[in-house]
Amino acid sequence: MALTGIQIYKLLPKTNCKDCGFPTCLAFAMKLAAKQVELSACPHISEEAKAVLAESASPPIRLVTLKADGYEVKAGNEVVLFRHEKKFYHKPGFFIRVRDDASLDQIRERVAATDAYTVNYVGMDLTLDGFAVESASGDPTTFSQAISAVRAVSQRPLILMSRDPGVMAAGLQAVNGEAPLIYAADADNWEAMADLAKQHQAPLAVFADSLEGLADLTQKIKAKGVEDMVLDHGARDLGTSLARNTVIRRLALKKTFRPLGYPIIAFPGDAGDAAWEAILAAHAVAKYAGFIVLDHTAPEMLYPLLVLRENIYTDPQKPIQVQPGLYEINDPSPEDPVLATTNFSITYFSVANEVEGAGLPAWLLVTDAEGMSVLTAWAAGKFDAERIAKDVRRFHVPDKVHRKRIVIPGHVAVISGELEEELPDWEVRVGPREAVDLPTYMKEALV
Amino acid sequence: MPLEIPKDKWPGSVRTITIGATPEEGGTRACTVTVGGETTMPFLHFEGEIPHRPVVAIEIRDRRPDDWSPLLLETWGEVVNDPAAWAKAAEEAGADLIQLSLSLTDGDGETTTPEAAVAAVRAVLQASGLPLMVFGPGQAEVDNQLLVAVAEATAGERLVLGICEDKNYRTIVATAMANGHLVNARTPMDVNLAKQLNILISDMGFPLDRILMDPTTAALGYGIEYGFSAMERLRLAALQGDAMTQFPMLVTPGFEAWKTKEAKVGEEVPAEWGDWLERAVHWETLTAVTLLEAGADILVLRHPESVRRVKAAIDDLMTVREVEAVA
């Protein structure tokens with residue numbers, strides 16, 4: 001947490017020499033607290049004060065970045081407990097775990113399939129972020145061979161998993177020059193792991209079965225010179241991990257408690273069961289994880305998790321909108337119908353995808369509803385007859401169509417009468433409530 | 001180094017609300033369901049009380065819902081043609097209570113009559129001893145006709161009557177007041193609209209221990225983040241002491257998830273969407289679990305497998321453990 005003006009004043013020389021350009025040290029301190037001036041404006045500041053002020057300026061949850069070949073996964077730097085207070089900044093990275101007791105062919109196959117996995121959601125291509133390679137064999141050579149096998153197929157960031165520093169050293173050697181996340185330092189091995197992290201300038205995950213244990217370890221490791229750390233608090237159930245994740249974030253944000261001011265890593269796959277893994281992973285997305293390691297890779301689980309991550313990390317202050325306008329779908333003719341909807345991007349893509357996918361030609365009138373969905377916009381008075389009629393004229397729809405038929409969403413059936421008054425020479429039709437039912441409606445009712 | 005667990009002190013709490021009435025209480029239910037009473041954000045047992053676990057309702061219909069996903073119709077089988085049999089099947093599938101949704105029209109395309117609605121409700125009440133929520137088809141005028149008749153025919157049962165919105169709350173609240181029922185106050189994903197409707201309802205003199213609020217949530221992928229944040233804000237306001245937000249929250253992830261293309265459609269969808277049934281169940285389950293984390297007290301679901309999974313999640317989240325001790 002940033003220091004107050006008075007706290008900063010106590011660190012200044014208190015000589016009121018005016019060399020900084022301000023009349024008193026207190027005035028300068030106030031400007032510093034308001035971030036309106038740089039500390040370097042004071043030529044007499046002590047080294048000690050500099051260090052304290054620099055520390056106070058650093059974010060309460062450290063930003064940890066995993067990089068590899070153009071890919072980048074960031075976690076940390078979060079500033080709120082609830083997304084509506086500002087926003088959640090860094091989407092948690094999804095990493096797929098591979099174990100070195102599988103054959104190299106099996107590893108390559110699994111990695112190639114998940115590396116290539118891409119799913120389209122509202123016009124965005126969603127993908128996974130990297131791989132976690134775990135030493136199940138305990139053998140350094142087997143571990144490094146498995147890592148090389150992964151690297152041969154995917155260039156995405158890696159997490160290397162072993163508690164044995166000897167095994168970890170071999171693994172790091174296999175990707176020399178990279179800085180994968182090292183998992184994990186614990187109460188027994190932390191010194192050797194910290195040395196490896198320093199040597200490879202790699203971030204280090206720290207494991208302890210309690211928050212106190214974690215805080216003790218991170219402080220010891222930091223004293224050895226490792227700055228980038230990631231926390232594993234050991235809980236694998238929903239309830240305890242919710243409590244611990246919440247406490248960690250509260251301590252970091254509200255108390256500026258540095259020993260726990262790091263991103264959290266979660267292992268939903270440790271549950272074993274695919275259904276339970278999906279629930280734990282969803283929970284990790286909603287409640288504060290920075291890295292999420294998955295074991296199951298079925299697309300029917302990956303797709304909803306990727307979508308949930310997009311949803312939770314959407315900026316609540318900026319609804320995702322598309323440009324209002326008249327969109328052509330499947331090359332429509334002047335005889336084809338006009339479908340009215342709002343410019344909330346999820347609404348737009350639901351409608352456009354249905355009509356496009358069904359191969360039906362239509363004019364899609366995307367009205368300016370300030371980025372709200374149909375029902376919400378209607379309730380807020382942003383999607384009514386007047387607005388729709390206005391956009392019909394604004395986007396010159398009558399110049400494009402001869403047969404004047406406009407379909408409104410079933411949710412706003414009540415405005416059809418008003419719209420008929422607003423657009424007297426148009427045929428106003430009430431369509432289905434949900435986009436998914438549009439193709440059937442168009443084929444059956446719009447002939 | 002001793003670590004101090006940071007705890008927020010909340011002046012307010014969520015109201016405790018009981019659905020259903022046993023014979024001693026003037027109804028016919030074998031059991032009642034009590035929700036609410038929280039004095040902290042969801043499942044933070046280290047900070048406050050969560051005296052009642054969130055519950056799962058299963059949605060059934062008064063007649064075969066032809067627009068439902070074939071996956072649901074297949075799972076429930078023959079019972080979808082008979083609300084009484086469906087209610088029994090829902091009870092066996094683990095429902096804590098039942099939501100009966102009335103259809104807009106009957107099998108011949110005629111508007112559902114109040115007599116038919118009452119008959120369906122009576123059949124369900126006889127078939128299952130669980131507390132019941134009765135929802136109209138969602139068109140204010142029809143809802144009023146059907147729900148008033150249902151409320152009068154079942155006086156004293158402490159049913160939940162829905163949907164009670166700004167358009168029709170007067171009628172629904174009046175009949176709930178006269179016949180000893182509860183209402184589900186629904187507003188579209190907005191904290192202030194939710195508050196406003198609760199104020200209007202309480203201004204009618206309706207007892208505050210008979211209001212549930214339904215902030216509407218949307219499904220995963222279709223705007224769930226709006227519902228999620230509206231719920232978190234409503235719950236924070238309740239704990240901060242705002243009396244007009246201190247109601248348990250009812251959400252309908254089953255309805256929301258099963259109208260998405262991901263759940264409803266199995267053919268001609270991208271291969272990256274994977275197996276249809278499992279995807280649909282994930283869609284419903286993850287929508288529900290996300291809303292659970294935001295403060296849902298009653299979750300209305302449709303698929304029995306989702307019910308099983310969401311109940312397991314509730315079991316886990318309701319287990320009180322020390323923050324510092326691993327289970």
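Visitor: How do you know where helix α14 of chain A lies?
Guide: Helix α14 (residues 385–394) of chain A lies across β14 and β15 of chain A, running at about 120° to β15(A). Such angles run from 0 to 180 degrees between N-to-C directions, with axes being lines fitted to C-alpha atoms, for helices over the stretch in contact. This is a predicted model, where local features need pLDDT of at least 70, side-chain atom pairs count only at pLDDT 80 or more, and totals for chains, interfaces and linings use all residues. Residues are numbered from 1 along each chain as its sequence is written, while chains are lettered from A and ligands numbered from 1 in the order in which they are written.

Visitor: Why is α14 called a helix?
Guide: Helices are DSSP runs of H or I with at least four residues, and strands are runs of E with at least two, numbered from the N terminus. Residues 385–394 form α14(A), so the name follows from that rule.

Visitor: What makes β13 and β15 of chain A a pair?
Guide: Two strands pair if DSSP finds at least two bridges between them. β13(A) and β15(A) have five, in the antiparallel sense, so they qualify. A:E328 stands opposite A:W363 in β15(A).

Visitor: Why are β13 and β17 of chain A called edge strands?
Guide: Each has a single partner strand, so one side of each lacks a neighbour in the sheet. The open sheet's order is β13-β15-β14-β16-β17 in chain A, with mixed pairing.

Visitor: How do you know that chains A and B touch?
Guide: Residues are in contact if their C-beta atoms, placed from the backbone, lie within 7 Å. In chain A, 54 residues contact 46 residues of chain B. α9(A) gives the most to this side of chain A, with twelve residues.

How values were computed. Two residues are in contact if their C-beta atoms, placed from the backbone, lie within 7 Å.
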